[in-house]
Amino acid sequence: MGRLNVAPTKSVQLNLKRDLEMATEGYNLLEQKREILVMEMMRMLERVQVVQRELNERREKAYRALRTAIAQNGYLHLRNVASGIHYEHEVAVETTLTAGFRTPRIATNHTAFHSQYGFAGTDATVDATMQDFLELMETIARLAELETTVMLLARELKKTQRRVNALEHIFIPDYKATLHYIGESLESKELDSFFTSKMIKKRLEAAQTERQANGDAQDVGTTD
């Protein structure tokens with residue numbers, strides 16, 4: 001625990017007390033923010049696990065549908081069909097406030113599902129494959145949003161924890177140690193001043209007593 005290199009004066013003491021109050025208040029606010037970030041991060045991690053399982057299920061379903069469509073329609077024929085399919089896709093990224101800082105919101109927008117090929121030479125497995133992959137893309141966007149949010153939460157939590165540690169282990173103890181040092185210094189000065197004034201008072205009283213005694217002695221001599 002260190003001590004600030006400041007003069008032990010009343011004005012410095014008052015300024016440090018004000019700074020200590022502000023630092024303590026800031027510490028309490030940061031501690032509350034840290035707890036909120038931890039809870040939010042835990043909640044997001046639970047959602048990541050849920051969406052991750054959903055993604056795995058939809059991916060398996062989509063590729064299973066694709067394998068079935070290839071088996072029933074043929075790889076080359078299905079590739080020719082796929083080359084003629086065009087969907088407008090758009091990834092929209094917005095931000096929202098989470099625990100006092102901005103996190104992303106990612107959404108995929110695409111045109112409504114509709115067949116862009118003739119029914120001759122294809123079957124229902126082709127439609128099912130397209131639908132499954134569109135749903136998979138939406139799930140990927142949700143997982144990307146959650147994972148990015150978790151990453152940003154972890155970064156903000158680390159920054160907040162660093163500030164909390166700095167206030168708790170450096171700034172606040174240093175302020176308290178400095179205030180303790182200034183308090184002792186001022187108290188020592190007050191004691192020195194008190195004893196000095198007492199000594200001066202005693203000397204003045206002794207001098208006055210001596211003058212009175214000398215005056216009385218002169219009065220007695222004059223009378224004689």
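This passage describes the fold, the salt bridges, the largest pocket and a surface patch of a predicted model.

The chain comprises three helices and two strands. Along the sequence, these elements follow the pattern α-α-β-β-α. The chain has 224 residues, of which 29% count as buried. Helix α1 spans residues 10-73. Helices α2 and α3 cover residues 75-83 and 124-223.

Seven salt bridges were found in a search of the whole structure. One of them joins Glu156 to Lys33, with the closest N and O atoms 2.8 Å apart. Glu156 belongs to helix α3 and Lys33 to helix α1, so this pair ties together parts that are 123 residues apart in sequence. Glu156 has a relative accessible area of 12% and is therefore buried; the cut-off for this class is 20%. Lys33 and Glue156 are not isolated: together with Lys159 they form a network of salt bridges. (For "Glue156" read Glu156.)

A second link between these helices is formed by Arg142 and Glu54, whose side chains meet in a salt bridge at 3.0 Å, N to O. This pair also connects distant parts of the chain, with Arg142 in helix α3 and Glu54 in helix α1, 88 residues apart. Arg142 counts as partly exposed, because its relative accessibility is 36%.

The salt bridge between Arg43 and Glu40 is local. Its N to O distance is 2.5 Å. Both residues lie in helix α1, three residues apart, or about one turn of the helix. Arg43 is partly exposed, at 39% relative accessible area. Glu40, at 16%, counts as buried.

Helix α1 also holds Thr24. Thr24 is partly exposed, with 32% relative accessibility. Its C-alpha lies 8.6 Å from that of Glu168, although the two residues are 144 apart in sequence.

The largest pocket has a volume of about 380 Å³. It is lined by 18 residues, and Ala82, Ile85, Thr129, Met130 and Phe133 are the closest to its centre. Helices α1, α2 and α3 each give two or more residues to the lining. Helix α3 gives the most, with six. By class, 14 lining residues are nonpolar, three are polar and one is charged.

A nonpolar patch on the surface is formed by Val38, Met42 and Leu45. Together these residues have about 220 Å² of accessible area. Met42 is part of helix α1. At 47% relative accessibility, Met42 is classed as partly exposed.

Conventions. Residues numbered from 1 in each chain as written. Predicted model: local features only at pLDDT ≥ 70, side-chain atom pairs only at ≥ 80, totals over all residues. Heavy atoms only, no water. Helix = DSSP H or I, 4+ residues; strand = E, 2+ residues; numbered from the N terminus. Buried < 20%, exposed > 50% of the residue type's maximum accessible area, 1.4 Å probe, protein only. 1 Å grid on protein atoms, 1.4 Å probe; cavity = no way out; pocket = protein on both sides within 12 Å on 5 of 7 lines; lining within 4 Å. Points joined across faces, edges and corners; volume = space filled by probe spheres on them. Nonpolar A, V, L, I, M, F, W, Y, C, P; charged D, E, K, R; others polar. Patch = residues over 30% accessible without salt bridge, like charges linked within 9 Å, V, L, I, M, F, W, Y side chains within 5 Å. Areas by Shrake-Rupley, 256 points an atom, 1.4 Å probe, with all protein chains shown as cover. Salt bridge = Lys/Arg side-chain N within 4 Å of Asp/Glu carboxyl O.
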